[in-house]
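Subject: A structure to look at, with notes

Dear colleague,

I am passing on a structure that I would like you to open beside this message. Please look at it first, and then read the notes below at your own pace.

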Amino acid sequence: MLDEAKPVVMGILNVTEDSFYDGGLYLLPQKAVQYAEKMIKDGADIIDIGAESTRPGYTPASAQSQLERLAPVIEGVKQLGAVISVDTTLSRVAEKCLQLGADVINDVSMLADERMADVVAQYGAGYVLTHNDAALDKEYHGQKLWQAVSEALMRRVEILLEHGVKQSSIVLDLGIGFNKTYEQNLELVGCTDMLTQYGFPVLTAVSRKSVVGITLDVPTTERLEGTLALTASTYMDGARLFRVHDVKENAKLLKMLHAVYGRNG
């Protein structure tokens, strides 16, 4: 799924009306594909396409409505030669998108759809496993927080492996912004190095999220610098995939960091 010798930039392409930062900008397939082409030129290694917002308070999108938006965009982006990730929690959507040529499923639900593991295994796809647990105790901090998050992720890893998903296909994401308090989000960003101990590639997905906005007291449009700071810190802690809105800036930052520190792994 990736070359672990260098950082991988995953460019965000939302074909949604209500995503927290860029909702409504790329609803037309032609515009979406053009933006994907720009991100590739700016340094994106993977294009992550989503047709359902997962912002707080989002309205779930049906499988059919997701596929109507995703299908033409996947077909267009595939012609660009890009690696394609699809951001969905539904196995029906995942299966159709993999049939259309997608390579990775980015599922923020921790396998809420019981059929998802079988679909990923059947198509030999990559899979991003994101921590997202509504039952996580909001009072947990320190060892209790880390233990709850890591154990939940490892239980899902076991399910994926039992269903035939290859270990080399699994990527872990701490799920910053999903069912966690601001303090928990900030604390878990600092646990990136601990997550790498399990031997799976780690994805950082903090781009312009509220953990940046609250810390700096800025709106979504002014969160680039904070995002870059977290990209840098998590790279130094071992993350090697980075899901971002601002591809050019993050790609340049990572290229420079890797030039200096990549020799040491």
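The notes that follow begin with the whole chain and then turn to particular strands, helices and one loop residue.

**The chain as a whole**

Please keep in mind from the start that this is a predicted model. The secondary structure of the chain comes to 10 helices and eight strands, and the C-alpha trace spans about 45 × 40 × 40 Å along its principal axes. For 265 residues, a compact globule would be expected to have a radius of gyration near 18 Å, and the 17 Å of this chain agrees with that. Buried residues account for 52% of the 265 residues. If you take the contacts between residues at least 6 apart in sequence, 65% of them join residues at least 24 apart.

**The barrel**

How are the eight strands arranged? They form a closed barrel that runs β1-β2-β3-β4-β5-β6-β7-β8, with parallel pairing. From one strand to the next, the twist averages 25°.

Strand β2, which covers residues 46–50, is a good place to begin, and you may ask whether its residues are buried or exposed. Five of its five residues are buried, so β2 is largely enclosed by the rest of the structure. In a regular strand the side chains alternate between the two faces of the sheet. In β2, Ile46, Asp48 and Gly50 point one way, while Ile47 and Ile49 point the other way.

On one pairing, β2 is joined in the parallel sense to β1 (residues 8–14) over five bridges, and Asn14 stands opposite Gly50 there. In another pairing, five bridges join β2 to β3 (residues 83–87), again running parallel, with Asp48 opposite Ser85. Strand β3 in turn pairs with β4 in the parallel sense over three bridges, and Asp87 stands opposite Asn106 in β4. Within β4, Val104 and Asn106 point one way and Ile105 and Asp107 the other, and all of these are buried.

Further along the chain, two bridges join β7 (residues 202–204) to β8 (residues 241–244), and these strands run parallel; the bridge partner of Thr204 in β8 is Phe242. Helix α10 (residues 247–261) packs on the sheet and touches β1 and β8, and its direction makes about 170° with that of β1.

**Helix α3 and its surroundings**

Which residues of helix α3 (residues 91–100) are buried? They are Ser91, Val93, Ala94, Glu95, Cys97 and Leu98. An α-helix has 3.6 residues a turn, so residues three or four places apart point the same way. The buried residues of α3 pack against α2 (63–78), β3, β4 (104–107) and α4 (116–123).

The axes of α3 and α4 come within 9 Å and cross at roughly 10°, which makes α3 roughly parallel to α4. In the contact between these two helices, Ser91, Ala94, Glu95, Leu98 and Gln99 of α3 meet Met116, Val119, Gln122 and Tyr123 of α4, and the residues divide into five nonpolar, three polar and one charged. After α3 comes Gly101, which has a positive phi, near 120°.

**A residue in the loop before α3**

Thr89 is found in the loop between β3 and α3. With a relative accessible area of 17%, Thr89 counts as buried, because the cut-off for that word is under 20%. Which residues does Thr89 touch, once its neighbours within four places in sequence are left aside? They are Glu52, Asp107, Val108, Ser109, Asp113 and Met116. Among these, Asp107 is a residue of β4 that is itself buried, and Met116 belongs to α4, where it takes part in the contact with α3. By contrast, Thr89 and Asp42 are 47 residues apart in sequence and 28 Å apart in space, C-alpha to C-alpha.

**A second pair of helices**

Helix α5 (residues 142–162) and helix α6 (residues 182–189) pack at an angle of about 80°, with their axes 11 Å apart, and they are therefore roughly perpendicular to each other. Gly142, Leu145, Trp146 and Val149 in α5 meet Gln184, Glu187 and Leu188 in α6. The residues of this contact divide into four nonpolar, two polar and one charged.

With best wishes

How values were computed:
Residues are numbered from 1 along each chain as its sequence is written. This is a predicted model: local features need pLDDT of at least 70, side-chain atom pairs count only at pLDDT 80 or more; totals for chains, interfaces and linings use all residues. Side-chain values use heavy atoms; hydrogens and water are left out. Buried means under 20% relative accessible area, exposed over 50%, partly exposed in between (1.4 Å probe, protein chains only). Helices (H or I, at least four residues) and strands (E, at least two) are DSSP runs, numbered from the N terminus. Two strands pair if DSSP finds at least two bridges between them. Contact means heavy atoms within 4.5 Å. Axes are lines fitted to C-alpha atoms, for helices over the stretch in contact, and angles run from 0 to 180 degrees between N-to-C directions. Angles under 35 degrees count as roughly parallel, over 145 as roughly antiparallel, 65 to 115 as roughly perpendicular and the rest as oblique. Ala, Val, Leu, Ile, Met, Phe, Trp, Tyr, Cys and Pro count as nonpolar, Asp, Glu, Lys and Arg as charged, and the others, Gly among them, as polar. The radius of gyration is taken over C-alpha atoms; the globule rule is 2.2 Å times the number of residues to the power 0.38.
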